[in-house]
Amino acid sequence: MSILKIARMGHPVLRARAEEVKDLADPEISQLVDNMIETMVDAHGRGLAANQVHVLKRIIIYIPPSDNENTEEDEELKEVRILINPVLEKLTDETEEGWEGCLSVPEMRGVVPRFKRIHLQALTRSGVAIDEELSGYHARVVQHECDHLNGILYPMRMKKLDTLMFDSEWPHWMASEQDNEQPR
Ligand code: ZN
């Protein structure tokens, strides 16, 4: 296995559309998935799309939200989910806002609206069909990663850029928001 170079915002590979995986049995696909997992864990990311490691294949990996939020399990030890050729469909026009970051936009975060509920179809790495409804954080992560496969980065989904900021400034921003919420 090896750690791959992560493309950062501005590299054209991040604006390109990835191609469907045609042969799941291709050993190169299996090796790519293993390398993507190693790369994501090394970079302390929660998700990674193949575009981000300069490969235009429709493959995403991510750490799904824990069923039990009280577990103190090390995040890196949780099962990484692998989706091949994912297809999304929104199940509602309703959106909700949440903070997102991205390994291709390092050390930054921003508030992004995402559909609250989506229908996901994809294949696992062994070719088993996935067909399910997702909501909340899980739906957000999958929308973020699938956007990569279509050349879209999260800042392009932001309604306003006033929450696009450096991670290190986020505590200051949060503190000032709380001050603004104090009754006058
Ligand atoms: Zn990303």
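**Entry 1: the zinc site**

I started in helix α2, where histidine 144 and histidine 148 sit 4 residues apart, about one turn of the helix. This is a predicted model, and I read everything below with that in mind. Are these two histidines buried or exposed? I found that histidine 144 and histidine 148 are both buried.

Next I asked which protein atoms serve as donors of the zinc ion. My list reads Cys102 (SG), His144 (NE2) and His148 (NE2), at 2.1 to 2.3 Å from the zinc ion. Along the chain, I noted their spacing as C-x41-H-x3-H. Water is not among the atoms, so I keep in mind that the site may look incomplete.

**Entry 2: the sheet**

I then traced the strands. There is an open sheet of 5 strands, with antiparallel pairing, and I wrote down the order β1-β2-β3-β6-β7. Which strands stand at the edges? They are β1 (47–49) and β7 (129–135); each has a single partner strand, so one side of each is left without a neighbour in the sheet. For the twist, I noted that neighbouring strands are turned by 35° against each other on average, direction ignored.

I looked at one pairing in detail. Strand β2 (residues 59–62) and strand β3 (residues 81–90) run antiparallel and are joined by 4 bridges. Following tyrosine 62 across to β3, I arrived at arginine 81 as its bridge partner.

**Entry 3: helices over the sheet**

Where do the helices lie? My notes on α1 come first. Helix α1 (residues 27–42) lies across β1, β2 and β3, and I have its direction at about 35° to β2.

Back to α2, the helix that holds histidine 144 and histidine 148. Helix α2 (residues 136–149) lies across β1, β2, β3, β6 (117–123) and β7. Against β2, helix α2 runs at about 145°.

**Entry 4: two histidines with positive phi**

Last, I checked the backbone in the loops. Histidine 44 lies in the loop between α1 and β1. Its phi is near 55°, a positive value in a residue other than glycine. How exposed is histidine 44? With 64% relative accessibility, histidine 44 counts as exposed, because the cut-off for that class is over 50%.

Histidine 54 gave me another positive phi in a residue other than glycine, this time near 70°. I placed histidine 54 in the loop between β1 and β2. Its relative accessible area is 34%, so I logged histidine 54 as partly exposed.

Terms used:
Residues are numbered from 1 along each chain as its sequence is written. This is a predicted model: local features need pLDDT of at least 70, side-chain atom pairs count only at pLDDT 80 or more; totals for chains, interfaces and linings use all residues. Side-chain values use heavy atoms; hydrogens and water are left out. Two strands pair if DSSP finds at least two bridges between them. Axes are lines fitted to C-alpha atoms, for helices over the stretch in contact, and angles run from 0 to 180 degrees between N-to-C directions. Contact means heavy atoms within 4.5 Å. Buried means under 20% relative accessible area, exposed over 50%, partly exposed in between (1.4 Å probe, protein chains only). Donors are N, O and S atoms within 2.8 Å of the metal (3.2 Å for Na, K and Ca); water is not among the atoms, so sites may look incomplete.
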